[in-house]
Structures are given as C-alpha cells and as structure tokens.
Amino acid sequence: MKAIKYFSFGLLSVFALSACSDKFLEDKKNYDNATTDIYNYLSGCNGRVNDIYAWCMPAVGDLTTGQNYLSVAVGAADIAGKSTEEYHGFSDFVNPEFELTSMSTTNSVPDFFMGSNNNIQTSVYGRIRNINDCIKGIQGGSIPEEDKEVLLGQVYFFRAWCYYNLVKWYGGVPLITEVLEPVESSFTPRSTTKETIDFILDDLDRAASMLEGKVWTGSDFGRVTTGTALALKGRVLLLWASPLFNRKNDESRWKTAYEEMKNDLDDIQACGYGLYSTGNDVNGSDFAKQFLVVSDNPEAVFVTLHNNVASDDGLDNQKNNRWERDIRPSNTGGGGKNAGLALVEMFPMADGKMADLNTLSPLEKAGKRSYANTYSKLERSTYAYDESAPYLNRDPRFYRTFAFPGFRWAYSGDPTQRDGHNPSYDQGKNYVVWNYVWYVDLDDAGNPESGNSYGADNLYTSKVGVYVRKKSDDLDVSGSPLYNYQPLASKGAGPFFSQAPLIELRYTEVLMNLAEAACMAGHMDEAVAILQQIRARVGYKAENNYGLQANLTSDQAACMSAILYERQIEFAYEGKRFDDMRRWMLFDGGAQQPAGAPASWTLTGWGGNTCTWLGFTPMNGQRRERVEFRTANQFGAGTAYWDGDPLVKAGVERPAGVDFRQADIQTQLTTLKTWYNTNLVPQYKTGDGYDSQHNLEYINFRPKYYFLGLNSGAQNSNKGLPQTIGWEDYNNSGAPGTFDPLAE
C-alpha cells in the first residue's frame, strides 16, 4: 500500500482545538509515515482532519508569508494594519518612496499565492493538496457514511477558507480538486474570479449541509459548524458584491448576498451563535470579555484555540496566543503596540458620533488633520473633543481599545523578578499604566521628530504614547487570567503564555455583513436595526436612537457610511479594516486605474467614486501621526535614567487609576484630566515619514495594489500562469500582465 508523507501530523494538530485538555496527551500516535489504511478507522480519519485544522487555522502574528502563512491579518502593526488608521508609519502598500514590483526581490510584491515552496505547511497549494488528499482518503475509506459526512464537512470548509484567502488578493486562481503530482503535466490554469467565487460557495454550501445539526461542545468546541460555513459564505458574497469586484454596482449581487445571508441567519443561530452578553455590562465589559471566553462562546463563529503551556518539553504541545505579550507595556514584560492618533480621534464620542475635529488647532508641521472631514455624511457629536484629555466622554468601546496614562490595566504576575526597577502594583493586580514621558532637554521636548524621551515607571525607552488595549486579558474583566505568567521567560517568548482564543469571525461580523448587504439591496431599515442591536450591547440606549442619526433609513449613502464607520470601530485591531478599505476602494475611491486596465475596470457605480459617494476622505494623500503626554515645562528636564522622572522628583502625587469596573467613570476621568492639566502636556509626534530633506510624505496606495500580482518567485515556479493586469510578467521579459480579475 502506498505510503503517504504527512508533515507535523501529531499532537500539535489536536491542540488547535482543545485549549489545554489533558485527554489529548493520551495515546499519542505518530502519523509521519501513515498509509491509506488509516481511513478505515474513525480515529485515523479524525487524526487527519485534526491535522487539517493545525495547518489551516488562523495564527497570531504579522501578516507575512513567514510567521502567518495563511495571509490573515489579526490586528498587528504589519503590512495591513499600517495601511489603515489603526497605526502609523508607512507599510509597503502605502509607502510613497517606492512602488512594489513583480520583477525582482527588491521591493517585491508580497507572495500570498505560493508562500514557502520548500515546506508543504507554509505553501498555500501544499495545504490545498493536503486537504484534497484528506477528502479522497475519507471518501475511499470504510468508516460509516454518517461519520464521513461530519469529517468531510469540516475539510470542505477549510478548502473554501484557503481559496477565500487567495481570491481576495488575486481574483481568479487555479482551482485544484485532485491530489496532483509535482510534475509539469499537472499544470492548472487560472480560473476566472466568478468561477473561483462559485467554487468557494459550493464548498461552503456542501460543508454546511454535511455538518447540519452538529453542535460541538466541551473539548470539541472550536470545530467548524454549519454556522461557520454559512458565516464565511456571507463574507464571500459580500466580497463579490463590493466595489472591488462589482464596478458597475450590479444590484443583483447585493440582493443575492442579502437574501442568502438573511435566509442563513437562523441556521447560524441554531448552532448556538449570537452576541455575547452577560447581562451585567459595565463600561463595555461585555465587549471586552467576549475575547476571553475559551469554550461555548456564542460570539466565536470561527476561532483558533490555544493553551498556556509555558515551555517546550520535547512534545509538540505548546500553542500560545502571543497577543497579550505583544500589547502589554514593557514594565509588565510585554512589548506594547502604539495606537495611531487618527483612530483615537476618529473614535465616537459618548453620544455615538464622531467629534468635530475641525475645531482643533493644526498639528505642528503636519497641519490640519487630513481625516477631519471624513464620514462627512454622518452628523458630528455635541461633545467637544479635548486634546488635553482625549478619553473624556467617549464610546464605551474606546476604553476597551486604548490605554492612556492613569488607566488601570490589571494583570496577575510579579514583574520585579524580571527587572527590579519595574513597579509591582500588588503583583499586577492594581497595575496602572503611567506612560507619560520626559525629556532631558526642554528644547527637544517640542520637536515632533525627536524620539529622545523616557517613559515613567521604568518604561524608559520602551514607552508607547497610547497603548492598544483591544482583546486584552484584563484581570478586572476576566477575574481569572488565561495566561501562565513566567517573569523570567525570554523577551520574545513571554512572560504571558496565554490560551486566549483568536476569533477570526465573530457573530457580530455575521450581523454587520448582513447589514451591509441589506443597505445596498435597499433595506436600510433592516441595516439600521442591526446597528442598533450592536450598539445596544455596549450600552447605547433607544432614547437617543443608539447614537445613530435619523436619516439612515432613507439615505443609502449615509447608511452605508455609518456601517463602514461602525465596522471600523467595532473591529478595530482585529485585522478587518484593510480588507474593508480594499473592498470599498477607500484609498482613492476607484478614481484611478493601473496601466493597461481595460474599460471594464472603470468604476461606473457609486457616481464613479466610492469615497465621494460615501463622503469619505480618500486615504491617499493623508498622514497619520501619534501622540504622547510629556511632563509640563515647569517641572524642568529629567535625566536619562529609569529614575529620572521630574514629577517624582518634584513629589507630585498621582491620582488613583481609572477603574472601569465602577459604573461612574466620568468623575474619575475628570479627576484625571485635572491632574493632566497641571502636570502633563500632549505632544504630537511624527508618525508617517519624511523624505531625506525632511519634507512631509503622504500615503500613496497605487491602484494596481487592489489586485496583487504574482511575485517573481511565484511566477518562476508557475511559468504557465498569466500575470495580473497592472503588473509586469516575470516570465515574459516584463511584458504587461494579461489576466483580468474582473472578466467573467
């Protein structure tokens, strides 16, 4: 019988599903050289399917073809995140200084098509080949048909998932359903985008049917269900209806998406999915806690589970979520992610509306905020935005997304073992982030380009102006940490060894996808009802229409703008914004086309420009800066040491950290503002870059980036595949690409 080589086919695969259940440590099998006989046993088939999970589940990391080989953004400051308002600093996609190319390895377009050819796990089509092999094996095996159905339903979902992560970047791609040998005769051409979309939808419908009635609980929680398949189907239908692929605004695509998603909603809910709510929400605590529920979480429609094993003891049983260690301040043992000023300022005020940012003084050097007039079809807040205290009167989600100096951010662990200068705060249980900074030269303090500042509480040079707090395992929210805190672990490995789940597709997105399709299909009233439902979860009330303006049920453009704004806020730092910006062509509104684009690429729907129709300021031509809070001039300069804080030397007493467990936080925030006004000054700093002459540079997302080209490595390995229009053909001496992602 023919031997089959499987890579990483062991305990790691089942830990993708099990969190840290001990049952998976029993009866470990080595499948590295299994034969097709395993398909005659339910345990063998289950092992193969578990292996598919291990290969294909989303992973926490940067969007690269290395660490995160599934090409999925999860909210990091990577090539996706740094192309949005969430961060600052030019990514390769928006860098004005160079244009990505498909002809060389310098400034090369990212390869989300092939991945790593020498490793079947990190090769995109290697995973698809493995899936096809699993399908063939289970179909030919002798286990009962009802067991085959459940197993195959899961595998068909993952084939659709892999192809979805190709079509969103490239449009049509080769569709392979057989186990092909790596020889030239196995060549498969690129299918059209419509054929690719239809193929994905067929696999998802098949998966949904095969998994009908199957609800996973206990240690099986996290496996895909009918609801998972139908939820991804909704995302695919939305992609196909969006301006990126629907330049004429063909309303039939929106109607199909709306009708399918609406019909599927009951089946999704029947699988146990719904908005997470404890019935005891305080200042958005339910919004925060939904990311910390490990099992039976109604919000987790498609989720990667983890464990908190702290060290590798030779078994492949360590599977941690690194997000907590990435976002926590350095004086807790973390790294810290610096939130962009743009999103901080664009976030809603307490009445649910964006502040009028035109009332603010221009930024030094950068001038007027380029995003001040964006979402111009949406009403502005009655609350004034306070630059000296940006946290006053904000949407409850604001406090669960960002952390400012003076905010409680409790955890469990002793950081003094790692560094004796770190503050303990009762071993983290009363931790307050005091990330204000000082300068050793007051003339340097007002320079937006200077990085010579030092952070309080031993943050020193590893300080962050405004921390990203989203998805944090806040001890004040969870009460019982999901991480194993190891203070002496190496900087890259710890100390937060977390089993927090990574939710790729939340039930909230299911509703938001339906709202978008409903709006564009002409059912604005249904779209608004969904927005109201989502805002009610975080504390908005019917008395003020949940913070929504009155004309959303009658003005389609305003309604769609409100939906995109809600998505930007609700899904901040979850890796969704860049895909939304590409779908709606928000970098230039679709006004420009790449070289060689046919007339069919011209955007004729939405008045020829999605940004104008929506009232959205195009991202191209904008800048994103950052902010920090420095000690006021009257305290003088500090020294370049961990204990050089001029406020401490002056005997300034800090107020208690803002405790979001208390229903009344406005009094606390007002007290904090008073302290800020006496002791701190907001200092705006350079975010996006300058050129060599220190002239301001601005975002420039080229129109050809809406559809990626195959990079030179991928083309060299696939000499028969045509290049995408707008990109040069490496296999044809740089001739213009000929593959049209919009051709049906």
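**Close-up 1. The lining of the largest cavity in this predicted model mixes eleven nonpolar, three polar and ten charged residues.** About 240 Å³ of space sits inside this cavity. Its lining comes to 24 residues, and the ones nearest the centre are Tyr164, Lys168, Arg235, Lys576 and Asp579. Several helices chip in: α4, α6 (226-241), α13 (507-520) and α16 (577-583) each supply at least two lining residues. The biggest contributor is α16, which puts in five residues. Across the whole structure there are nine cavities of 30 Å³ or more.

**Close-up 2. The second largest cavity has a volume of about 160 Å³.** Here 16 residues form the lining, with Asn321, Lys471, Pro501, Leu502 and Ile503 closest to the centre. Look for α9 (323-327) and β12 (502-506), each of which hands over at least two lining residues. Strand β12 has the largest share of this lining, at three residues. Sorted by class, the lining of the second largest cavity holds nine nonpolar, two polar and five charged residues.

**Close-up 3. Helix α4 (residues 145-170) packs against helix α5 (residues 193-210) with the two axes 8 Å apart.** The angle between this pair is about 155°, so α4 ends up roughly antiparallel to α5. Their crossing is left-handed. On the α4 side, the contact uses Glu149, Val150, Leu152, Gly153, Tyr156, Phe157, Arg159, Ala160, Tyr163, Tyr164 and Val167. On the α5 side, you'll find Thr193, Thr196, Ile197, Phe199, Ile200, Asp203, Leu204, Arg206, Ala207 and Met210. Put into classes, the residues of this contact are 14 nonpolar, three polar and four charged. If Tyr164 of α4 rings a bell, that's because it turns up in Close-up 1 too, among the residues nearest the centre of the largest cavity.

**Close-up 4. Helix α2 (residues 42-56) crosses helix α3 (residues 124-140) at roughly 160°.** The two axes come within 10 Å, and the angle makes α2 roughly antiparallel to α3. This is a left-handed crossing. From α2, the residues to pick out are Cys45, Arg48, Val49, Asp51, Ile52, Trp55 and Cys56. They meet Gly126, Arg127, Asn130, Ile131, Asp133, Cys134 and Ile138 of α3. The tally for the contact of α2 with α3 is eight nonpolar, two polar and four charged residues.

**Close-up 5. Helix α6 and helix α7 (residues 251-270) cross at roughly 165°.** Their axes come within 9 Å, and the angle makes α6 roughly antiparallel to α7. Once again the crossing, here of α6 and α7, is left-handed. Helix α6 brings Gly227, Leu230, Ala231, Lys233, Gly234, Leu237, Leu238, Trp240 and Ala241 to the contact. Helix α7 answers with Arg253, Trp254, Ala257, Glu260, Met261, Asp264, Asp267 and Ile268. By class, that gives the contact of α6 with α7 ten nonpolar, two polar and five charged residues. Besides pairing with α7, helix α6 supplies at least two residues to the lining of the largest cavity.

Terms used. Residues numbered from 1 in each chain as written. Predicted model: local features only at pLDDT ≥ 70, side-chain atom pairs only at ≥ 80, totals over all residues. Heavy atoms only, no water. Axes fitted to C-alpha atoms, helices over the stretch in contact; angles between N-to-C directions. Helix = DSSP H or I, 4+ residues; strand = E, 2+ residues; numbered from the N terminus. Parallel < 35°, antiparallel > 145°, perpendicular 65-115°, else oblique. Left-handed = near helix turned anticlockwise from the far one by under 90°. Contact = heavy atoms within 4.5 Å. Nonpolar A, V, L, I, M, F, W, Y, C, P; charged D, E, K, R; others polar. 1 Å grid on protein atoms, 1.4 Å probe; cavity = no way out; pocket = protein on both sides within 12 Å on 5 of 7 lines; lining within 4 Å. Points joined across faces, edges and corners; volume = space filled by probe spheres on them.
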